[in-house]
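User: I am new to this structure and would like a close look at one part, the place where chain A and chain B touch. Please take me through it carefully, together with the spaces in the protein.

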Amino acid sequence: MSAEAHTSTEYIKHHLQNLTYGQHADGTWGLAHSAQEAREMGFMAINLDTMGFSILLGVLFLFFFRKVAQSAATGVPTGLQNFVEWIVEFVDSSVKGSFTARNPMVAPLALTIFIWIFLMNLMDLLPIDWLPGVAGMLGLPYMKVVASTDPNATFGMSLTVFALVIYYSIKMKGLGGFIGELTLQPFGKWGMPANLLLEGVNLIAKPVSLALRLFGNMYAGEMIFILIAIMFSGGAVLAVTGGVLQWAWAVFHILIITLQAFIFMTLTIVYLDMAHQEHH
Amino acid sequence: MNINMTLIGQSITFAIFVWFCMKFVWPPIVSALEARKKQIADGLAAADRGKHELELAAKRASETLHEAKLKASDIIAQAEKRAMQIVEEAKDVAKAEGDRLIVSAKAEIEQESHRAREALRGDVAALVVAGASKVLRREVNAQAHADLLEAIKNEL
């Protein structure tokens with residue numbers, strides 16, 4: 001019993017560890033072969049699986065959309081063009097609905113966020129042992145397929161969005177306007193410290209909530225898949241139950257992954273809209 | 001689960017993807033969509049215009065047809081009138097010709113009878129003279145009594 005519990009714990013831990021490349025404690029460079037090693041590598045390390053899958057999916061997305069963009073004709077759209085146009089119009093109407101200023105960057109940004117996050121989340125629907133199994137056969141110690149369960153990926157995106165929010169806040173309102181927005185409301189100039197505290201929290205909460213919401217949802221979903229997968233080794237009855245549960249959770253997860261991509265996109269649009277608007 | 005260089009790598013990757021999407025993906029697709037929207041609107045407008053023109057044409061055609069009918073019935077009426085006129089004229093001409101023929105026939109008859117009467121008168125005078133000479137048994141000098149004979153002839 002304790003042996004089994006031990007393997008279960010190892011199984012879970014194994015699935016939650018990224019394939020990390022960095023400098024070992026003894027000064028050599030290489031892959032981390034345990035969570036302990038990965039932690040010791042500190043900041044100067046890179047998660048090869050997160051980078052690899054996210055770049056692969058992003059390139060896939062841009063490749064297909066670019067192909068359509070090149071051959072985009074005004075006649076009757078067919079197949080892939082139809083699909084791409086449907087998504088583009090969906091994103092475009094979302095942007096037009098929430099973004100009141102004029103900025104040609106916001107709509108492509110929203111499209112990239114939506115599709116990229118959706119594709120990264122979609123990897124969650126692959127049975128969780130397939131790609132890590134293949135990686136194990138190739139001699140890689142770890143393989144985390146879903147890039148959006150890595151906080152590096154979600155924070156990478158949300159911090160980029162945050163940088164854009166700050167950039168456009170200053171560009172639209174001026175440095176003085178931006179600082180004024182942080183310090184002069186809601187209590188007027190005599191409540192400046194309180195204002196700064198409130199508005200600062202408000203500002204910082206944007207990227208943190210964006211990143212953690214996506215990360216938390218995907219991480220929890222992945223965790224449930226892992227727990228269900230453990231049932232497969234628990235005898236016939238548990239295996240069948242696990243199969244049914246996995247199917248049910250996957251169906252429900254389709255909703256979650258789309259919803260999370262949509263929420264990330266919509267909040268980005270809203271934050272950028274707020275950055276473009278003058279408060280008086 | 002460790003925050004490391006991946007954070008920066010992901011940010012850069014994300015920025016590059018957004019840039020690429022903004023540069024090469026979004027504008028062509030959106031402009032194609034706009035162009036198609038415009039094309040469809042134009043097509044619908046053209047269809048509307050065509051329908052309107054069709055209505056106008058139908059109206060014009062029925063007007064023309066109506067005019068043609070009126071003209072045709074006018075022409076027919078005129079032709080009938082003209083035919084009647086021709087018949088009337090022909091009748092008049094025929095009647096005049098007939099009258100003329102009758103008149104000339106009558107004149108001829110008159111002339112003929114006059115001539116016959118003259119001839120008859122001559123004959124009767126000769127007969128009378130012959131008779132009278134026979135009666136008188138005397139030679140009546142025709143030249144000497146020509147005046148007399150002529151007077152008698154005129155009396156007959």
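Analyst: What follows describes the side of chain A that touches chain B, and then the pockets and the cavity.

This is a predicted model, in which local features need pLDDT of at least 70 and side-chain atom pairs count only at pLDDT 80 or more, while totals for chains, interfaces and linings use all residues. Residues are numbered from 1 along each chain as its sequence is written, chains are lettered from A and ligands numbered from 1 in the order in which they are written, and side-chain values use heavy atoms, with hydrogens and water left out.

Chain A has 9 helices and 3 strands, where helices (H or I, at least four residues) and strands (E, at least two) are DSSP runs numbered from the N terminus. Read from that end, the elements of chain A follow the order α-β-β-α-β-α-α-α-α-α-α-α, and the C-alpha trace of chain A spans about 65 × 55 × 40 Å along its principal axes.

Where the chains meet, 56 residues of chain A are in contact with 29 residues of chain B, contact meaning heavy atoms within 4.5 Å. The area buried between chain A and chain B is about 3,700 Å², and carbon and sulfur atoms give 72% of it; buried area is the accessible area (1.4 Å probe) that two parts lose on being put together, summed over both. In chain A, the residues that lose the most area to chain B are Phe43(A), Thr74(A) and Asn152(A), together 17% of what that side buries.

Between chain A and chain B the count is 1 salt bridge, a term for a side-chain nitrogen of Lys or Arg within 4 Å of a carboxyl oxygen of Asp or Glu. A salt bridge joins the side chains of Glu85(A) and Arg36(B), at 2.8 Å from N to O. Several elements of chain A each supply at least two residues of the side that touches chain B, among them α2 (35–40), β3 (45–47), α4 (79–98) and α7 (151–183). The most comes from α3(A), with 12 residues. By class, this side of chain A has 36 nonpolar, 14 polar and 6 charged residues; Ala, Val, Leu, Ile, Met, Phe, Trp, Tyr, Cys and Pro count as nonpolar, Asp, Glu, Lys and Arg as charged, and the others, Gly among them, as polar.

The spaces come next. On a 1 Å grid over the protein atoms alone, a cavity is a set of points where a 1.4 Å probe fits but cannot get out, a pocket is an open set with protein on both sides within 12 Å along at least five of seven lines, and lining residues have an atom within 4 Å of a point. Grid points are joined across faces, edges and corners, and a volume is the space filled by probe spheres set on the points.

The largest pocket holds about 350 Å³ of space, and among its 15 lining residues Phe83(A), Ile87(A), Ile115(A), Phe118(A) and Leu119(A) lie nearest its centre. Its lining takes the most from α4(A), with 6 residues, and comprises 14 nonpolar, 1 polar and no charged residues.

The second largest pocket has about 300 Å³ of space. Its 13 lining residues include Asp92(A), Arg102(A), Asn103(A), Pro104(A) and Ala107(A), the closest to its centre. At least two residues of this lining come from each of α4 and α5 of chain A and α1 (6–136) of chain B.

The structure also holds 1 cavity of 30 Å³ or more, and the largest cavity has a volume of about 70 Å³. Its lining includes His15(A), Met123(A) and Glu222(A).
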